[in-house]
Amino acid sequence: MSHNLAQMISSIARTTGREPAPLVGASTTVLNDTLYVFAGRPLTKQRLTNDLYALDLDTKVWTKIEATGDIPSPRYFHSVCALGDTKLVCYGGMSPLQSNVSSSQTSASGGSGLGGQGPGSGGGGGMGANSPNAGPGQGRQPFNEIIMMSDIHIFDIETSRWTYIPTDNAPEGRYAHCATVLPSWAVYTSSFPQPADPANIEESGEGGAELVIVGGQNALDTYIEEINVFNFRSLRWTSVTPLGKSCGVYKSVVISLPPGIKGDDIGSFRRRNNGTDSEPTSTIAEEAPTSFPQTRRGTDAGIKGNSSPSSTSPTTDPRPSMLIYSNYNFLDVRLELQVRNPDGTLTEKPLSGSFTPPGLRFPNGGVLANHLVVSGTYLTGSVQEYALWALNLSTLTWTRIDAGNTFQSGSWNRGILWPNRNAFIVLGRKDRNLVDDYNQRKINFTHICTVQLDAFGLFKPPPSHSGITHGGGGTGAGGLPHQLSQRAHQLGKFMAANQSFSDMVLLSLTGDRVPVSSRILSQRWGPYFDHLLTLPATSPAHPNPSSLPDPSQPPTRPRTLFLPHTQPTLIALVHYLYTNDLPSTTSPQILCSLLQLARPYRVPGLLGKVVERLHGMFDAKNAAAVFNAAAMAAGPGDELGGFRMDDDGEVRSDSGEVLGLQKRGLRGLAEGRWARERGRSMGGAVGGGR
C-alpha cells in the first residue's frame, strides 16, 4: 500500500489533556464519541487504581472524571460495558482485600501474592511473549491479599455518579473474563409491578437488558467454564449455563449482535450455496450482501411502564443473540465462533478456508454492518505487530484490514470499534517497543490510530432521517419523516407517476420536464426548495445557502424550476422525495450525480441513502466514478471530514460518510493499478522465458 493511501485509511494522532499513565489490566469502552478508561494498575506503582478517564475521540483530549457515589474499589482485569447511551456497567476483576473489607460481592476464596504464572497458563509453560500459554496475568505484581470480585457498579455519565447494585446470588468472583450487554428487547405492559431501580436505569418500555459474563478465571487461575446472566430490570442474576471450554480476554471476545442480525443469519450465504463460497480477494463487501434484512422491533419502546413481557413467536423472537469468538494455541492457531441464541443455547459456526487470521492475543472488536471486526496482538519470531481482520458474517470468510505500515512499528496495545464513525481506534505509543510492553501487559494512551473501516466497505447504514439539513440536525422545518410505512411508500410512487397530482415541473439540463407537486416538495425538501423558487426563472438554480426565506412567508410558486442535472437524476431525486427511498434500478452514474447534489441542495437524508447504496454497488468498474463524485461532494475544507494537519505535521481526518466512500474509491483505484502492474510484470516474465 502506498504511503499516501495508508495515510488516508489510517491516521495517528497525539492525544493531549490529562492522559492516563500506562496501565495494566485497565478497561477501555467506547460510548458514542467518547472512550472511557477505568481502573488498572499504573506500571510504576505497586497499587491499583479506580480512576476514570474520558477521551474525546474528535478532539483527542483526555479528561479525568471526578466521580462520586459508590465508587468501585481499585481493581484490574475487570470489565466495563456500555449500558444504553448514558451509562457504564463495571463487573468483577481483582481487587486488594483491604479495599473490600465490608464487601459481600467477592469470591469465596482469595489469593495471596498472585505473581508468577499468569492466568491462562493451564498450570505449565513459560511466560514469554511467544509462549502459547502466556496469559493475561503476565503483567501482574504480587499484592499482600487479592480477592476476586463479583460486584456490579453502574456509572451515570450525565451525573458522574457511581451506584452499587446489591445482589444476593452473585456467581463466583473472577477476573480476565469476557462481558457484553444485550440490549432490552421485550415490550412491557402494566400487569406486574416494576422492581426497585436504585441505579435509575431507563429501560423505557423495553425490558430485560442483560449483562452476560463469559468465562474468566478464579483465585486459583482456574478457568470458570460457564456463562452468567444479570438482568437490569429485575436486578438479579437470572441464569447460569455451562460453557464447556476455557474462555477469557486473553484469547476470546464476546459481542452482542445488532438488532437486525439473528443467530440463524450467521453463515446464511454459505448455507444457501452449500458451503461453496469462494475465497475472498482484496475486498470485503463484494462477496455477499452487506447487510442482513432488518427486523422491526416493538413500537411501544418509548413508553415507560411496568413489566410483563409480551409473547413472541419463535420465528420473530426479538431477543438479541451474541457472538463468542476465540482463537486457541497461537503457534498452531484454532479458531472458533459460537452464537449464543436468545434461549441461551450455543451453536457452533464453522470457520474454515486457507485465508484466516493468525493467533491474536487479547482480541477485541465489534460488529459493524454484517462484519465481525477483530483486532489483537500478533507475535511470532519474525512478526510483532497489531493486526485487524474482518469476518463476513453471511459468508464466514475472512479479509485482512490492511493499514499499511502503521502497526509495523511502535507499541499498539488495545483496539476498540468506534461505530459512530465507521472506524476502529487503536491505543498505543509509536516510539515504544511492542514486545516489551506486551510482556508487561501494558496499555499506552499517548497516541491513537484511527482506521477508517468504510474505506473497506464496512459501515453502519445511516438512519432514514440522517442527512444534511438547513438546521444542521434532524429534519428541521420540512423534510422526510424518519420512516414511511409501506402504504405511504406505495402512495408516493403512485403520485410521482401520476401527472394529475402535479402543479409544476422540474426542467432538466437537456430541457426535459419532470412533473412534480410543489406542495410535496415543499414539505419533504424543506426551506431550501422555497429558496430555489425565489431565484430568477431565466438562470440556473445554483445553490447559495447564504440566505434562506422565512418559512412562515412562502413565496408565490412558479410553474417551472430549472435544475442543472439530467432527467434521470431528477427523476431519482423526485422518487426519493416522494417515497424516502431510491429507485431499485438506480445506476451508479445516477447515484454519483445524486451524491453531488445532496449536500448543496440540502435534501434531508439523501446523502446517507446514496452513500449506503453506492457502497452496496461498489466494484472495480465504478471505483473511479465513485471516487470523483465523493471528492466533489465532500468539497473543500473539513466540513465533511476533510484533512487538516496537527501540531506534529501529521495528517488527521474526521470520519464522514462521504469521506469514507471517497477513500474506498481511491483504494479501489490503487488496487486496480497494482493488479495491472502485476499482470504486466507476469506477462513480461513469461515472455522473457520463451
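Analyst: Two strands count as paired if DSSP finds at least two bridges between them. The model discussed here is predicted. Strands E6 (residues 49–56) and E7 meet the condition with five bridges, in the antiparallel sense. One partnership across E7 is that of Asp56 with Val61.

User: What makes strand E2 and strand E7 a pair?

Analyst: Two bridges join E2 (residues 16–17) to E7 (residues 61–65), and the strands run parallel. The requirement is at least two bridges, so this count satisfies it. Gly17 has Trp62 in E7 as its bridge partner.

User: Which residue in the hairpin of E6 and E7 takes a positive phi?

Analyst: That residue is Lys60, with a phi near 60°. The hairpin has four residues between its strands.

User: How do you know that strand E8 and E13 pair, and in which sense?

Analyst: E8 (residues 68–69) and E13 (residues 161–165) share two bridges, in the parallel sense. Pairing needs at least two, so they qualify. The bridge partner of Gly69 in E13 is Trp162. E13 is also joined to strand E12 (residues 146–156), by five bridges in an antiparallel arrangement. There, His153 stands opposite Tyr164. E12 and E13 form a hairpin with four residues between them, and Ser160 in the turn has a positive phi of about 55°.

User: Why is the pair of Phe155 and Trp162 called tilted?

Analyst: Their ring centres are 5.1 Å apart and their planes stand at 50°. Centres must lie within 6.5 Å, and planes under 30 degrees apart count as stacked and over 60 as edge-to-face, so what remains is tilted. Hence the pair of Phe155 and Trp162 is tilted. Both residues are buried.

User: What makes the pair of Tyr250 and Phe330 edge-to-face?

Analyst: The planes of the two rings are at 90° and the centres 5.4 Å apart. An angle over 60 degrees counts as edge-to-face, so the label follows. The pair links distant parts of the chain, 80 residues apart: Tyr250 is in the loop between E19 and strand E20 (252–256), and Phe330 is in the loop between strand E21 (322–328) and strand E22 (334–340).

User: How do you know whether Tyr250 is buried or exposed, and Phe330 likewise?

Analyst: Buried means under 20% relative accessible area. Tyr250 has 2%, so it is buried. Phe330 has 10%, so it is buried too. The structure holds 18 aromatic pairs. Tyr91, Phe230, Phe232 and Trp237 form one aromatic cluster.

User: What makes Arg441 a charge over the face of Tyr438?

Analyst: Arg441 lies 4.5 Å from the ring centre of Tyr438, over its face. The distance limit is 6 Å, so 4.5 Å satisfies it.

User: Why is Ser508 called buried?

Analyst: Its relative accessibility is 1%, and the limit for buried is under 20%. Ser508 is in the loop between strand E32 (504–507) and strand E33 (513–516). Leaving aside neighbours within four places in sequence, its contacts are Phe562, Leu563, His565, Thr566, Gln567 and Leu570.

User: What makes the approach of Ser508 to Thr510 a polar contact?

Analyst: The side chains of Ser508 and Thr510 come to 3.2 Å. The cut-off is 3.5 Å between N or O atoms, so the distance condition is met.

User: Why does Gly511 count as partly exposed?

Analyst: Gly511 has 42% relative accessibility. Partly exposed is the range between the 20% limit for buried and the 50% limit for exposed, so the term applies. Gly511 lies in the loop between E32 and E33, a hairpin with five residues between the strands, and takes a positive phi near 90°. Its C-alpha is 9.6 Å from that of Pro564, although the two are 53 residues apart in sequence.

User: How do you know that E32 and E33 pair?

Analyst: Four bridges connect them in the antiparallel sense, and at least two are needed. Leu507 has Arg513 in E33 as its bridge partner. Along E33, Val514 and Val516 point to one face and are buried, whereas Arg513 and Pro515 point to the other and are not.

User: What makes strand E14 and strand E19 edge strands?

Analyst: The open sheet has the order E14-E17-E18-E19, with antiparallel pairing. E14 (178–182) and E19 (236–242) each pair on one side only. The twist from one strand to the next averages 20°. Within the sheet, five bridges join E17 (residues 210–214) to E18 (residues 226–231), and Val214 stands opposite Ile227 in E18.

Notes. Residues are numbered from 1 along each chain as its sequence is written. This is a predicted model: local features need pLDDT of at least 70, side-chain atom pairs count only at pLDDT 80 or more; totals for chains, interfaces and linings use all residues. Side-chain values use heavy atoms; hydrogens and water are left out. Axes are lines fitted to C-alpha atoms, for helices over the stretch in contact, and angles run from 0 to 180 degrees between N-to-C directions. Buried means under 20% relative accessible area, exposed over 50%, partly exposed in between (1.4 Å probe, protein chains only). A polar contact is a pair of N or O atoms within 3.5 Å; within protein, one must be able to donate a hydrogen and the other to accept it, and residues adjacent in sequence count only if both atoms are side-chain atoms. Contact means heavy atoms within 4.5 Å. Rings of Phe, Tyr and Trp (its six-membered ring) pair if their centres lie within 6.5 Å; planes under 30 degrees apart count as stacked, over 60 as edge-to-face and the rest as tilted. A charge sits over a ring if NZ of Lys or CZ of Arg is within 6 Å of the ring centre and within 35 degrees of the ring normal.
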